[in-house]
Amino acid sequence: MTLEHTLEDWGYGPERKQQFDDLNQDGWMPARVVRAAGREFHIRTTEGEWLAEPSGALWRDATEGGARPAVGDWVAVEPRPGNDRARIHLVLPRRSKISRRAPGHDVVEQVIAANLDTVLIVSALDHDFNLRRIERYLAVVWNGGATPVLLLNKADVCDEADQRQLEVEAIAPGVPVHRTSAKHGDGMELLEPYLLPAKTVAVVGSSGVGKSTLINRLLGEAKFKTGEIREFDSKGRHTTTHRELVRLPGGALFIDTPGMRELAPWADEDALNDVFTEVAELAATCKFNDCTHAHEPGCAVRSGIESGELDAARVESYQKLQKELSHLAKDERTKRAEGKKFGRFYKHVIKTHPKGRKR
Ligand SMILES: Nc1nc2c(ncn2[C@@H]2O[C@H](COP(=O)(O)OP(=O)(O)OP(=O)(O)O)[C@@H](O)[C@H]2O)c(=O)[nH]1
Ligand SMILES: [Mg+2]
Ligand SMILES: [Zn+2]
């Protein structure tokens, strides 16, 4: 194919260009990660789609702070001898992201997708429907700086779709909620406001909710593999195994992600205030600053539950998430030290890169 699209069609803009120019490296070029699977990346450059591998330094040293490349990232790459290959040296600062806590013992951030305008949080209106899970996803999306939209898919199999939608609207004030049936193509027009040229939209949600089916519908072709789900519990089988960004016919950029078995959210506790506004507001009026809302006198949250002002299930969900996130929370000093470490790494790469050095 010819140079059918410019980098701008993939979301490049003046701010990005400035970031890249500031690196001031001869022989480097900007590119966007369009596919991530393990250590292998596909990137979109001005010359088409290339294969790319992170430099040893980037892979080894940039484990802190989620600095490894993710789909949607803008990266600085150096073309390699041979065709259509490059080495990724740096990830440019992200405008927004979705992160989770990486599976495993260590407390490490894993970026699932980056530089998103809108994130569609997909739930299925089948046995798997779960308000508490939606809250977790909302916390992650708000925290990462993208705008969440809630999609209730598989509307065709649900007799109580109206009721479900009301329940979801109640736990997510101000967040648009749409009902779709990706399999049959119903409700696709509701997505149009988000599908704008060169804007990036990602879909997230459990395995089997219909994320890939939705993308195929929007693409107008069965590009993404979709999977059967287990009838008895509506659980998906983790059909999608990599993260990929595609360009839709109208020019919007769309990222499919694999369903996550268990979303261990990566967020500051502050993100909870956006998700559980009514709980957080009352909690702020408890007599004690560090009230656990368990047995302390003057607890506004407990009296809120008693008076029916607060939903006990919401409070429980809030507290559960708060506990999880407190394990991630680090004091400001540690965070600053990590930030510095990343900054040093950034400078180190630029200084020590002999060929790219410019005088
Ligand atoms: N009834 C109904 N089934 C749907 C709908 N959308 C998707 N499905 C079915 O749900 C199953 C799972 O769909 P996928 O698109 O593979 O789900 P996914 O979210 O991509 O799953 P992972 O890749 O595992 O994360 C497939 O059998 C789809 O045909 C829908 O709107 N209604
Ligand atoms: Mg899928
Ligand atoms: Zn309290």
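Me: Accessible areas come from the Shrake-Rupley method with a 1.4 Å probe, and for residues only the protein chains shown count as cover; so how much does this chain expose?

Reply: The chain exposes about 17,900 Å², and carbon and sulfur atoms supply 49% of that area. This is a predicted model, in which local features need pLDDT of at least 70 and side-chain atom pairs count only at pLDDT 80 or more, while totals for chains, interfaces and linings use all residues. Residues are numbered from 1 along each chain as its sequence is written, chains are lettered from A and ligands numbered from 1 in the order in which they are written, and side-chain values use heavy atoms, leaving out hydrogens and water.

Me: What share of the chain is buried?

Reply: Of the 359 residues in the chain, 50% are buried (under 20% relative accessible area, with exposed over 50% and partly exposed in between).

Me: And how many helices and strands?

Reply: There are 10 helices and 13 strands in the chain, taken as DSSP runs of H or I with at least four residues and of E with at least two. Of the contacts (heavy atoms within 4.5 Å) with a separation of 6 or more, 66% come from residues 24 or more positions apart.

Me: Which residues have the most contacts inside the largest nonpolar core?

Reply: Ile43, Ile98 and Leu150 do, in a core of 71 residues, a nonpolar core being a set of buried Ala, Val, Leu, Ile, Met, Phe, Trp, Tyr and Cys residues joined through side-chain atoms within 4.5 Å. Helix 3 (residues 131–144) gives the most to this core, namely 7 residues. Apart from it lies another core of 22 residues, which includes Met188, Leu191, Leu195 and Phe224.

Me: What does Ile43 touch?

Reply: Leaving aside residues up to four places away in sequence, Ile43 touches a set that includes Val33, Val34, Trp50, Val75 and Val77, and also Arg32 and Glu49.

Me: Switching to the metal: which residues coordinate the zinc ion (ligand 3)?

Reply: Cys286, Cys291 and Cys299 each coordinate the zinc ion (ligand 3) through SG, and His293 does so through ND1, at 2.1 to 2.4 Å. Donors here are N, O and S atoms within 2.8 Å of the metal (3.2 Å for Na, K and Ca), and a site may look incomplete because water is not among the atoms. Along the sequence, the donor residues follow the spacing C-x4-C-x1-H-x5-C.

Me: Why is the arrangement around the zinc ion (ligand 3) called tetrahedral?

Reply: The 4 donor atoms subtend angles of 104 to 115°, so the arrangement is tetrahedral; the label requires four donors with all angles between 85 and 135 degrees.

Me: Is His293 buried or exposed?

Reply: His293 is buried, at a relative accessible area of 12%, and Cys291 is buried too, at 10%. His293 sits in the loop between helix 7 (277–283) and helix 8 (300–307), and its phi is positive, about 60°, although it is not a glycine.

Me: Where is Ala198, and what is its phi?

Reply: Ala198 lies in the loop between strand 10 (177–179) and strand 11, and it has a positive phi of about 65° without being a glycine. For background, most residues other than glycine have a negative phi. Ala198 is partly exposed, with a relative accessible area of 27%.

Me: What about Ser206, buried or exposed?

Reply: Ser206 is buried, with a relative accessible area of 9%, and belongs to the loop between strand 11 (200–204) and helix 5 (211–219). Among the residues that Ser206 touches, not counting those up to four places away in sequence, are Asp128, Arg133, Tyr137 and Lys211.

Technical notes: Tetrahedral: all angles 85-135°; square planar, octahedral: opposite > 155°, others 65-115°. Buried < 20%, exposed > 50% of the residue type's maximum accessible area, 1.4 Å probe, protein only. Areas by Shrake-Rupley, 256 points an atom, 1.4 Å probe, with all protein chains shown as cover.
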